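Here is my note on the structure you sent round, set out as numbered points. Please read it with the sequence and the model side by side.

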Amino acid sequence: MKRKWWHDKVAYQIYPKSFQDTNGDGIGDLRGVISRLDYLKELGIDIIWLSPIYQSPFVDQGYDISDYYRIAEEFGTMEEFDELLEEAKKRDMHIVMDLVVNHCSDRHEWFQKALADPEGEYGRYFYIRPGKDGREPNNMRSYFGGSCWEKIPGTDKYYLHMFAKEQPDLNWENPTVREKIYEMINWWLDKGLAGFRIDAIINIKKDLSFPDYEPDGPDGLATCIKMVEAVQGVGDMLEDLKHRTFEKYDAFTVGEVFNMKDDELLEFVGDDGHFSTMFDFSAHMLGFGKHGWYDARPIEFKEWRDTLFASQKELIGKGFKANIIENHDEPRGASRYLPEHAVNEAGKKMLATTSILLRGLPFLYQGQEVGMTNCRRDDISEYDDINTIDQYQVALDAGYSKEEALGFCYENSRDNARTPMQWTDEVQAGFTTGTPWLSVNPNYRKINVAEQQKREDSVLNYYKKLIGLRKSDEYRETFTYGNFVPVYENVETVFGFLRESEAGDVRVLVAANFGTQPVTLQLPGQMDAALLSNMGNEGVREAEAADGMITLESCESIVLRLA
């Protein structure tokens, strides 16, 4: 592998709207991000990814951009963004922004001009097609439900939107559109941005014939994913994007990529891939339902473990994936991946251990480091997410009760991750002095940064130790470039793996017991030292391991150096 500047870094995603409000309007802002840089530096963070802060009507919480060159006034000013870049640079930290270029907002100047003259120049910036037999051009269903096509008033024409109708898809087949996108990207990189997280990018390639597909639901529609999976040629577009922008700046890029073809992995994230890395969604996808959240499968431990192991082994010596247990589009990892008996501080530390020490780039999501959890709501009106509202209705249409539909939202809603950051046990969790745009999780009185900063055995302080171990001079090379070898695969409740340095002189065992009963394990080598225990049992386990065996209690994880 070619060594890159970002390989040994640890990243942290900020959802600005919910991170820290400094002016009392209930919405997080750039000034709030600046005020917490020292907190993130102390945690061990190198790269900060900001979810969209561009001007937007916020139909899809900022993923509908009306002006790519302006900061939304809710978040602050361009001068404050420049200050954020400068303050991050002082701390040797890197800022990464969201890049949303599959679609824009229907309020964008380009689309407003397209609506005024669908046959004109700007009409060709989008996918505008005549209807077919008195209906939409084809029968694709959008990611947020309903047809992918919206009729243009006063015409027989429709425009394509694979997400909300307020998010028209940009026509990447139009070279003028591509040039304008490249110009915008380079403008931000010239400001000193370190790179981008690239949203929904696999969707930019369309089948321009827009055929009908076999319906997969009672609405007579077929998911637009069928087109994404069938169409060829997205790689050519992504290579052009890379060469014209990111490559010139040695920028860090992380792709949000679903529905990639089996043989395309190295093309995407190999040494000379389209992106620096891409998120590992293999675990997240285990919970997908065939029709929606109402038939989503619970994630079983062994399947989850084995799926992650298989994903880890795919890129050894070839590239990196970005490892996550949660983000702004997913429920909280502690609520999703931990069995009920493990949704406690020991379990949250155990989950952290098995994620942070994997091979690949660790991405934390705000609040993960204190163990924030899903938030139960009493009514759908308490949610502020277009996808959640759609899935609630899908469940009702399938015959489920209001209570059952809300239960599915509690388990799967994106708003679980979007509740305000829990800084203190004071009113509104220290997030704002006003009324937050989305109500705080009531458990903030028990789960918050201030309380955990004071307590040595807290989840937060364990994350600091864990990240410190990963980045230490002695183990940085092993945890960054070392091999990944699964162990204890025949033990039903154990998540175990070795990280071995390329030279073979360092071997580290990571083992965690997700079960309810203690397990005794034969060590895969002689124990040299106990490096970290989520229960503070380093000394006990070190003494015990001298006999070549080790016993892990329920929810216990251990990191051992082997001779």
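Does Cys555 count as buried or exposed? I take this residue up first and then move outward to the chain as a whole, bearing in mind throughout that the model is predicted.

1. Cys555 counts as buried, because its relative accessibility is 4%, and the cut-off for that class is under 20%. The residue is found in the loop that runs between strand 21 (549-552) and strand 22 (557-562). Its phi is near 70 degrees, which is a positive value in a residue other than glycine.

2. Asp92 also has a positive phi, of about 60 degrees, although it is not a glycine. Its place is in the loop between helix 3 (78-90) and strand 5 (94-99). With a relative accessible area of 54%, Asp92 is exposed, since that class begins over 50%.

3. Asn139 sits in the loop between strand 6 (128-130) and strand 7 (140-141), and it is nevertheless buried, because its relative accessible area is 9%. When neighbours within four places in sequence are left aside, the contacts of Asn139 are Pro211, Asp212, Tyr213, Pro215, Gly220, Leu221 and Ala222.

4. Ser35 belongs to helix 1 (residues 30-35) and counts as partly exposed, because its relative accessibility is 45%, a value in between the limits of 20% and 50%. The C-alpha atom of Ser35 is separated by 10.0 Å from that of Asp21, a residue 14 positions away along the chain.

5. Turning to the interior, the largest nonpolar core has 156 residues, and those with the most contacts inside it are Phe81 and Phe196. Not counting residues up to four places away in sequence, Phe196 touches Tyr54, Val96, Met97, Asp98, Leu99, Ile185, Trp188, Leu189, Phe246, Phe252, Thr253 and Val254. Apart from this core lies another, of 17 residues, which includes Val487, Tyr488, Ala511 and Leu560.

6. Helix 14 (residues 402-412) has Ala405, Leu406, Gly407, Phe408, Cys409 and Asn412 as buried residues. An α-helix has 3.6 residues a turn, so residues three or four places apart point the same way. The buried residues of helix 14 pack against helix 11 (333-336) and against helix 13 (386-397).

7. For the protein as a whole, the secondary structure comes to 18 helices and 22 strands, and 61% of the 563 residues count as buried. Of the contacts with a separation of 6 or more, 71% are accounted for by residues 24 or more positions apart.

8. On overall dimensions, a compact globule of 563 residues would have a radius of gyration near 24 Å, and the protein agrees with this because its own value is 24 Å. Taken along the principal axes, the box that the C-alpha atoms fill is roughly 80 × 50 × 50 Å.

9. The accessible surface of the protein comes to about 21,500 Å², and 47% of it belongs to carbon and sulfur atoms. As to charge, the protein has 63 positive and 97 negative charges, whose mean positions are 2 Å apart.

How values were computed. Residues numbered from 1 in each chain as written. Predicted model: local features only at pLDDT ≥ 70, side-chain atom pairs only at ≥ 80, totals over all residues. Heavy atoms only, no water. Core = buried A, V, L, I, M, F, W, Y, C linked by side-chain atoms within 4.5 Å. Buried < 20%, exposed > 50% of the residue type's maximum accessible area, 1.4 Å probe, protein only. Contact = heavy atoms within 4.5 Å. Helix = DSSP H or I, 4+ residues; strand = E, 2+ residues; numbered from the N terminus. Rg over C-alpha atoms; globule rule 2.2 N^0.38 Å. Areas by Shrake-Rupley, 256 points an atom, 1.4 Å probe, with all protein chains shown as cover. Lys, Arg positive; Asp, Glu negative; His and termini not counted. Charge placed at Lys NZ, Arg CZ, Asp CG, Glu CD.
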